[in-house]
Amino acid sequence: MASAVSAHPPDGLKRVAARAKGHAPRYLEAMNPEQRQAIEALDGPILVLAGAGTGKTRVLTARIAHLLAQGRARPYEILAVTFTNKAAREMQQRAAMLVGPAAEAMPWLGTFHAISTKILRRHAELAGLKPSFTILDTDDQLRLLKQVLQAENIDDKRWPARALASYIDSWKNRGLDAAHVPAAEAAAFANGKGAALYKLYQERLKTLNAADFGDLLLETLRIFRENPSVLMLYQERFRYILVDEYQDTNAAQYLWLRILAQGRRNVCCVGDDDQSIYGWRGAEVGNILRFESDFPGAKIIRLERNYRSTGHILKAASALIAHNEGRLGKTLFTDGGMGEKPAVTGAWDCEEEARTIGEEIEQLQAKGHALDEIAILVRASFQMREFEERFITLGLPYRVIGGPRFYERAEIRDALAYLRCVAQPADDLAFERIFNLPKRGLGDAALQLVNNYARRARIPLMQAAQALTETEELKPKQRQALRGLLADFSRWASLTGNKPHSELAEIILEESGYIDMWRKERTADAAGRLENLKELVRSMEEFPGLGAFLEHVSLVMDAASNDAGDRVSIMTLHAAKGLEFETVFLPGWEEGLFPHQRSIEDQGRAGLEEERRLAYVGLTRARRRVRIYFAANRRIHGLWQTTLPSRFLEELPADHVEVRDAAAGSAYGNYAQSRFANSGRYESRYETPGWQRARRRAEEAGEADLWPRPERSRRTVQIEGELIARSSAGSAFAKGARVFHTKFGPGTVAAADGNKLTVDFDKAGRKMVLESFVEAC
DNA sequence: CATTCGAGCTTTTTT
DNA sequence: AGCTCGAATG
């Protein structure tokens, strides 16, 4: 996204234009009337409400093709914004398939952040930055905030930097600068210092010549607002604006978009209010609802014909999402057959869940099902581990999408810090990071000296360090070490022009001793880290220069995974948006996990509705087969918790869902007699501390109706005693029993709660332990 | 100044 | 349960 692409009209443009003269152009083939309308209505504001699987991306790319073919715009006159890098990449690729190389010459196709960066670099001075400003990621941001808090003598135990970071983030998401922070919110942090700290942070950013993610948008917006001539430039240039996933835009992005679109008013937004799943990041569904009033005379086109899923899946998904209030409302339909019903299966715990899914996948594979066409979509990334472990033992090839991000690993960030110091000698945060890494005898005290010097002289750290080596302030040994480091840096800097940058990176990592540091480390993961570093150097080769590489890294936080081949995909529901698979497995449909407890606690009903949309996204990823699972027990923060089946299961229409028993011989058998839950079986679960706590909190928040009380839910059927035997009454250890724990030694049981025991140990005192960790004695 | 050990906190999702 | 951060110790 960083590469400045040449703007010469490419050959592809002419080819497409020529083709358009004959019969209907290729990009209009097989489009239904609504889709055609959305593609061909070029003038004025348009909102396309595109349900899941209705060909949204096809329409967007075809629209680009149409604009080019009609000669309405040159590739560089179209602004096409997406929300994620993945979406940007996909649009780029699919546009390239339609119009050939012309799509590659679309310099203004990218994420909000990438495009903003491009604009901001051109006009950086207007925002008090130099064009070479660095982009801070979350990690840098946090360290900077810690410094600010420290400088202000604020106890970062009581007021953690993380909390301030999330405040600032949400302010930036809403387009607020320090002067406009609502008083109530500013008061919430550090006794009212919130806004002042925000201001200080911004000042620090400016002196560091740096911007965080939020700034990329906010500063660009500010430039537009304060410099009409600059704004005009871009309003004129962008003859046509296209926005993907419009439901995900936050207030800042919305303002950014609106100010640009007010020029020519040729703006086409595509979105689906039912798939808005980024509310926690400040996305406002309201933006989509407000479209008509912002752009009077806007045309609204609904795409409701679903080309992806079979009937039962679509019915199930539609019934589920119908539980949400405040939707624009669409009715998806398909001409295809009803197909298989989504199946719901209960498991005893997450291990059994993974085992069952593993077996089902093997069966599908035996029938010739491609693994590429199978996905496991989880709510939270910690769920992935269980599947990975299971698939490794089965030898089932899989790929994790999302996962721990490559560029966020410590060793990668360290290596990048070295590169940043070379490319950008004023990058103080990077310099601080590697100042004593590997260890070179320069500790906190030394860093403090450099810092003080730098502040006094108002120069970057690296320069201050240089100056310090000329004085007597440091101990001789340290002075020597620092001299060595600085000499290294100037030598590496002198190599920048001469050597290929990947080679330079290798030299730096080798000569700095950083690689050696890991080689000497005898821990299990050291080898993996060295591999990652190799991978980093290798991936650099794809970029024209060090600067371009660093820019890419800061904007695209994930590395292209090159694990090609036929594999099962494991990813979060968020990562799955926009994808489709033949078969989709949806594990972990339990209260507290999905819907996630936090989302309800933080956002109440709005949070619950967002979770439901997430479920809707999950269901609608499948073309033919959906398998939903829930586990009766799950380990959360190391403690086993009994869980309730998700309320979403009850919201699925009985006619379109098949309820299955878990695999034969399973520890946790059929749950299904009374359909989903709320039978006596789960009664005891309401007594677990977790559940009680959740309910109490919900009630305090005035959301009692989201957390049904047992009296209300307890209806019908009492089946067998198995579960009860497993839960509160069922501990193998009664109060007063003597037990032995491998770590704490002998003790006496003070209380038993499910499989958790409170034990008074003879030596260690009172502890809460898991039943499975103790033996009777 | 570096290393080691324990306490406490964490786990939603992403640019 | 696993990790990060801070205090205590060499």
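Start by selecting histidine 113 together with DNA strand B: in this predicted model, a polar side-chain atom of histidine 113 lies 3.4 Å from a base oxygen of the strand. Keep DNA strand B on screen and add glutamine 478, where an N or O atom of the side chain is 2.4 Å from a phosphate oxygen of the DNA. Glycine 443 takes part through its backbone instead, with a polar backbone atom 3.4 Å from a phosphate oxygen of DNA strand B. For the elements behind this surface, colour α20 (444-457) and α28 (597-619), which are the ones that give two or more residues to the surface near DNA strand B.

Now widen the selection to everything that surrounds DNA strand B, which comes to 25 residues, the closest being Trp280, Arg379, Ser381, Ala445 and Gln478. If you colour these residues by character, you will find eight nonpolar, 12 polar and five charged. Looking from the side of the DNA, 59% of the atoms of strand B within 4 Å of the protein belong to sugar or phosphate, and the rest belong to bases.

**The second largest pocket**

Next, go to the second largest pocket, which has a volume of about 1,400 Å³. A good way to find it is to select Gln147, Arg204, Glu432, Asn451 and Arg455, which are the closest to its centre among the 42 residues of the lining. Show α6 (138-151), α9 (194-207), α19 (428-434) and α20 as ribbons, since each of these supplies at least two residues of the lining of this pocket. Which of the elements gives the most to the lining of the second largest pocket? The element to highlight is α6, with seven residues. Coloured by character, the lining of the second largest pocket divides into 15 nonpolar, 12 polar and 15 charged residues.

**The parallel sheet**

Turn now to the strands, and select the six that form an open sheet with parallel pairing, in the order β3-β2-β6-β7-β1-β8. At the edges you will meet β3 (109-111) and β8 (299-303), each of which pairs on one side only. Neighbouring strands of this sheet are turned by 15° against each other on average, with direction ignored. To see one pairing in detail, zoom in on β2 (residues 78-82) and β3, which run parallel and are joined by three bridges. Within this pair, select threonine 82 and then threonine 111 in β3, its bridge partner.

**An enclosed space**

The structure holds one cavity of 30 Å³ or more, and the largest cavity has a volume of about 40 Å³. To display its walls, select Tyr246, Tyr254, Leu257, Arg258, Ala261, Val267, Cys269, Phe291 and Phe295. The elements α12 (251-261) and β7 (267-271) each supply at least two residues of this lining, and α12 gives the most, with four. The residues around the largest cavity are eight nonpolar, no polar and one charged.

**Backbone details**

Finish with the backbone, beginning at the peptide bond from leucine 437 to proline 438, which is cis with omega near -5°; proline 438 lies in the loop between α19 and α20. Then move to the bond from phenylalanine 594 to proline 595, which is cis with omega near 5°, and notice that proline 595 lies in the loop between β13 (581-586) and α28. The last stop is alanine 30, found in the loop between α1 (11-21) and α2 (33-40), where phi is positive at about 60° although the residue is not a glycine.

Conventions. Residues are numbered from 1 along each chain as its sequence is written. Chains are lettered from A and ligands numbered from 1 in the order in which they are written. This is a predicted model: local features need pLDDT of at least 70, side-chain atom pairs count only at pLDDT 80 or more; totals for chains, interfaces and linings use all residues. Side-chain values use heavy atoms; hydrogens and water are left out. A residue is near a molecule or strand if one of its heavy atoms lies within 4 Å of it. A polar contact is a pair of N or O atoms within 3.5 Å; within protein, one must be able to donate a hydrogen and the other to accept it, and residues adjacent in sequence count only if both atoms are side-chain atoms. Ala, Val, Leu, Ile, Met, Phe, Trp, Tyr, Cys and Pro count as nonpolar, Asp, Glu, Lys and Arg as charged, and the others, Gly among them, as polar. On a 1 Å grid over the protein atoms alone, a cavity is a set of points where a 1.4 Å probe fits but cannot get out, and a pocket is an open set with protein on both sides within 12 Å along at least five of seven lines; lining residues have an atom within 4 Å of a point. Grid points are joined across faces, edges and corners, and a volume is the space filled by probe spheres set on the points. Two strands pair if DSSP finds at least two bridges between them. Axes are lines fitted to C-alpha atoms, for helices over the stretch in contact, and angles run from 0 to 180 degrees between N-to-C directions.
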